[in-house]
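Subject: Handing over the structure

Hello,

Here is the structure I promised to pass on. Please open it first, then read the notes below.

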Amino acid sequence: MRTDLPPGWPTTIAEARALQERLCDEVVTTGGPEAPGLIAGVDVHVAERTGLTWAAVALVDGSGLELVESALAAVPTGFPYVPGYLSFREIPAVLAALSLLDRAPDLVMVDGQGIAHPRRLGIAAHLGVLLDVPTIGVAKSRLIGQHDEPACTKGSRVPLTHKGEIIGAVVRTRDGVSPLYVSVGHRIGLERAVELVLATTTRWRLPEPTRLADKLSRMHPV
DNA sequence: GCGACAG
DNA sequence: ATCTTGTCGC
């Protein structure tokens, strides 16, 4: 798995936008692992006080959903939060954390959008292209697109559309909780992405890989 | 010009 | 994301 930060990493919005417009053609929106043996969940926390961006990775067994390995890494915060450019703020830390894993994941679930993005390259899609590994975007709120309200029961879903395209699905992962925004990251189809998110969700709103990564990231040293 | 806006 | 305790609900 290629976890090195590519040379010429953008430092300005203009450079970042140019990179997104160039990389979006490399995203593969079909396929997906049938039964992923190892699924990684990633989450990031920015510590304002220390100027550090922490990334946590939770590697979960695809069948039993138990935690098999985890990693935590910090990198100096190098990019501001600008809607549409989240990857430039979080990916450096995420790659650092992924590089610490002993085993490579068959699938990565990212806290954020996949192709449900203005230029179809949200953080999950961007990370997938860099790693050349299947990824799914699992966001807690909407960035772009319109949709109806899904029924309140677990498993209910409605399409998320934008400019006449289906860019994701709004999925109720538990009865009565606010829905998740699931979108294709890389090397997977939307149907498979939604199936895998639901299959890895147990008793909480977030699927296990992402939930465990979130819990871990809240335990960063400082 | 005005409002929206992942984490 | 972050600031932040107790509290409402199942």
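Let me begin with one of the DNA strands. Four residues surround DNA strand C: His 45, Val 46, Lys 140 and Arg 218. Of the atoms of DNA strand C that come within 4 Å of the protein, sugar and phosphate account for 100%. Keep in mind that this is a predicted model.

Two polar contacts to DNA strand C can be looked up directly. His 45 uses its side chain: a polar atom there lies 2.8 Å from a phosphate oxygen of DNA strand C. Val 46 uses its backbone, where a polar atom is 3.0 Å from a phosphate oxygen of DNA strand C. By type, the residues near DNA strand C are one nonpolar, one polar and two charged.

Now the other strand.

DNA strand B has 18 residues around it. The closest are Tyr 81, Gly 84, Lys 140, Ser 141 and Arg 142. Here sugar and phosphate make up 52% of the atoms of DNA strand B that come within 4 Å of the protein. The residues near DNA strand B divide into eight nonpolar, six polar and four charged.

Which atoms make polar contacts with DNA strand B? In Ser 141, a side-chain N or O atom is 2.9 Å from a phosphate oxygen of DNA strand B. In Arg 142, a side-chain N or O atom is 2.7 Å from a phosphate oxygen of DNA strand B. Leu 86 contacts a base: a backbone N or O atom of Leu 86 lies 3.1 Å from a base nitrogen of DNA strand B.

On to the sheet. What is its strand order? The sheet is open, has eight strands and runs 3-2-1-4-5-8-7-6, with mixed pairing. Strand 3 (67–76) and strand 6 (157–162) stand at the edges. Each has a single partner strand, so one side of each is left without a neighbour in the sheet. Neighbouring strands of the sheet are turned by 25 degrees against each other on average, direction ignored.

Strand 1 (residues 38–47) is a good place to look in detail. In the order of the sheet, strand 1 sits between strand 2 and strand 4. Strand 1 and strand 2 run antiparallel, joined by 10 bridges. In that pair, Val 44 stands opposite Ala 55 of strand 2. The two strands form a hairpin with four residues between them. Gly 51 is in the turn and has a positive phi of about 75 degrees.

On its other side, strand 1 runs parallel to strand 4 (residues 107–110), with four bridges between them. Val 42 stands opposite Val 110 in strand 4. Ala 40 has Val 108 of strand 4 as its bridge partner.

Is strand 1 mostly covered or mostly open? Mostly covered: eight of its 10 residues are buried. Helix 5 (residues 208–217) lies across strand 1, strand 2 (52–61), strand 3 and strand 4. The helix runs at about 35 degrees to strand 1.

One last item is in helix 1 (residues 13–23), where Glu 15 has its place. Is Glu 15 buried or partly exposed? Glu 15 is partly exposed, because its relative accessible area of 39% lies between the limits for buried, under 20%, and exposed, over 50%. Its side chain reaches the backbone nitrogen of Thr 11 at 2.9 Å.

Best wishes

Notes. Residues numbered from 1 in each chain as written. Chains lettered and ligands numbered in written order. Predicted model: local features only at pLDDT ≥ 70, side-chain atom pairs only at ≥ 80, totals over all residues. Heavy atoms only, no water. Near = heavy atom within 4 Å. Polar contact = N/O pair within 3.5 Å; in protein donor to acceptor, adjacent residues only side chain to side chain. Nonpolar A, V, L, I, M, F, W, Y, C, P; charged D, E, K, R; others polar. Pairing = 2+ DSSP bridges. Axes fitted to C-alpha atoms, helices over the stretch in contact; angles between N-to-C directions. Contact = heavy atoms within 4.5 Å. Buried < 20%, exposed > 50% of the residue type's maximum accessible area, 1.4 Å probe, protein only.
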